[in-house]
Amino acid sequence: MDAEQVAELRKKRAFRKFTYRGIELDQLLDLTNEELMGLITARARRRMTRGLKRKPLALIKRLRQAKKEAPPGEKPRGIKTHLRDMIIVPEMVGSIIGIYNGKMFCGVEMKPEMIGMYLGEFAITYKPVRHGRPGVSAAHQTRFIPL
């Protein structure tokens with residue numbers, strides 16, 4: 001696919017424009033980290049003021065590489081990570097990330113609605129309880145066995 005075919009496909013799939021706190025996604029991608037910090041929640045802002053450490057920067061670098069290697073119009077390959085406390089920034093949108101939940105990597109595609117949240121919010125660490133019938137010694141009535 002050449003560039004004009006990709007642009008034509010994008011025009012054809014014109015949906016409602018996503019805005020994060022009144023700013024469109026295209027403009028969010030152009031913001032610096034300092035300008036982005038003014039938009040996100042206080043907890044995430046505090047974390048970003050303290051600086052991005054080596055591991056989160058390495059993850060962003062690998063995501064950039066995967067996006068660059070992907071053919072136009074295709075999804076990039078998934079990148080696995082244990083960084084559940086990583087804040088989702090606009091640059092990650094469109095990437096596929098395998099987030100570790102303690103047992104396996106849950107593949108999640110980053111969407112614009114996820115900006116400002118943590119990766120760990122999208123990979124549940126426990127299996128939700130499925131309430132069924134009570135077991136053998138669950139209640140007092142089950143202890144009585146008629147003769």
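This report walks through a predicted model of a protein, from its overall make-up to a few single residues.

**The overall picture**

Let's start with the parts list. The protein has five helices and five strands. Read from the N terminus, these elements come in the order α-β-β-α-α-α-α-β-β-β. The chain counts 147 residues, and 29% of them are buried. What about contacts that link distant stretches of the chain? Taking contacts between residues at least 6 apart in sequence, 46% of them join residues at least 24 apart.

**The sheet and the helix on it**

Now look for the open sheet. Three strands build it, in the order β3-β4-β5, and their pairing is mixed. Which strands sit at the edges? They are β3 (79–81) and β5 (105–109), and each of these has a pairing partner on one side only. On average, neighbouring strands of this sheet are turned by 30 degrees against each other, if you ignore direction.

Follow β4, which covers residues 96–100: it pairs with β5 in the antiparallel sense, over five bridges. If you want one spot to find on screen, go to Ile99, which stands opposite Cys106 in β5. Packed on the sheet is helix α5 (residues 54–69), which touches β3 and β4. The direction of α5 makes about 165 degrees with that of β3.

Strand β5 has two faces worth telling apart. Cys106 and Val108 make up its covered face, while Phe105, Gly107 and Glu109 make up the uncovered one.

**Around the hairpin**

β4 and β5 form a hairpin with four residues between the strands. In that hairpin, Gly102 takes a positive phi near 105 degrees. Asn101 also belongs to the loop between β4 and β5. Is Asn101 buried or exposed? Its relative accessible area is 15%, and the cut-off for buried is under 20%, so Asn101 counts as buried.

What does Asn101 touch? Not counting residues up to four places away in sequence, its contacts are Arg84, Cys106, Ala123, Ile124 and Thr125. Thr125 is 24 residues away from Asn101 along the chain, yet their C-alpha atoms are separated by 4.9 Å.

Another loop residue makes a nice contrast. Arg21 lies in the loop between β1 (19–20) and β2 (23–24). Arg21 has a positive phi of about 55 degrees, although it is not a glycine. Its relative accessible area is 52%, and exposed means over 50%, so Arg21 counts as exposed.

Here are the three loop residues whose accessible area comes up in this report; Val89 gets its turn further down.

| Residue | Relative accessible area | State |
|---|---|---|
| Arg21 | 52% | exposed |
| Val89 | 12% | buried |
| Asn101 | 15% | buried |

**A pocket and a cavity**

Time to look at the empty space. The second largest pocket holds about 190 Å³. Its lining consists of 14 residues, and those nearest its centre are Leu31, Asn33, Leu36, Val89 and Glu91. Which elements give two or more residues to this lining? They are α2 (25–30), α3 (33–37) and α5. Of these, α5 gives the most, with three residues. Sorted by class, the pocket lining has 10 nonpolar, two polar and two charged residues.

There is also one cavity of 30 Å³ or more. The largest cavity has a volume of about 70 Å³. Arg47, Met48, Leu52, Met86, Ile87 and Val89 line it. By class, that makes five nonpolar, no polar and one charged residues.

**Val89, a residue with two roles in the linings**

You may have spotted one name twice. Val89 is among the residues nearest the centre of the second largest pocket, and Val89 also lines the largest cavity. Where along the chain is it? Val89 sits in the loop between β3 and β4. With a relative accessible area of 12%, which is under the 20% cut-off, Val89 counts as buried.

Leaving aside neighbours within four places in sequence, Val89 is in contact with Leu36, Met48 and Ile60. Two of these names have come up already: Leu36 is among the residues nearest the pocket's centre, and Met48 helps line the cavity. Finally, Val89 and Met117 are 28 residues apart in sequence and 8.5 Å apart in space, going from C-alpha to C-alpha.

Note on methods
Residues numbered from 1 in each chain as written. Predicted model: local features only at pLDDT ≥ 70, side-chain atom pairs only at ≥ 80, totals over all residues. Heavy atoms only, no water. Pairing = 2+ DSSP bridges. Axes fitted to C-alpha atoms, helices over the stretch in contact; angles between N-to-C directions. Contact = heavy atoms within 4.5 Å. 1 Å grid on protein atoms, 1.4 Å probe; cavity = no way out; pocket = protein on both sides within 12 Å on 5 of 7 lines; lining within 4 Å. Points joined across faces, edges and corners; volume = space filled by probe spheres on them. Nonpolar A, V, L, I, M, F, W, Y, C, P; charged D, E, K, R; others polar. Buried < 20%, exposed > 50% of the residue type's maximum accessible area, 1.4 Å probe, protein only.
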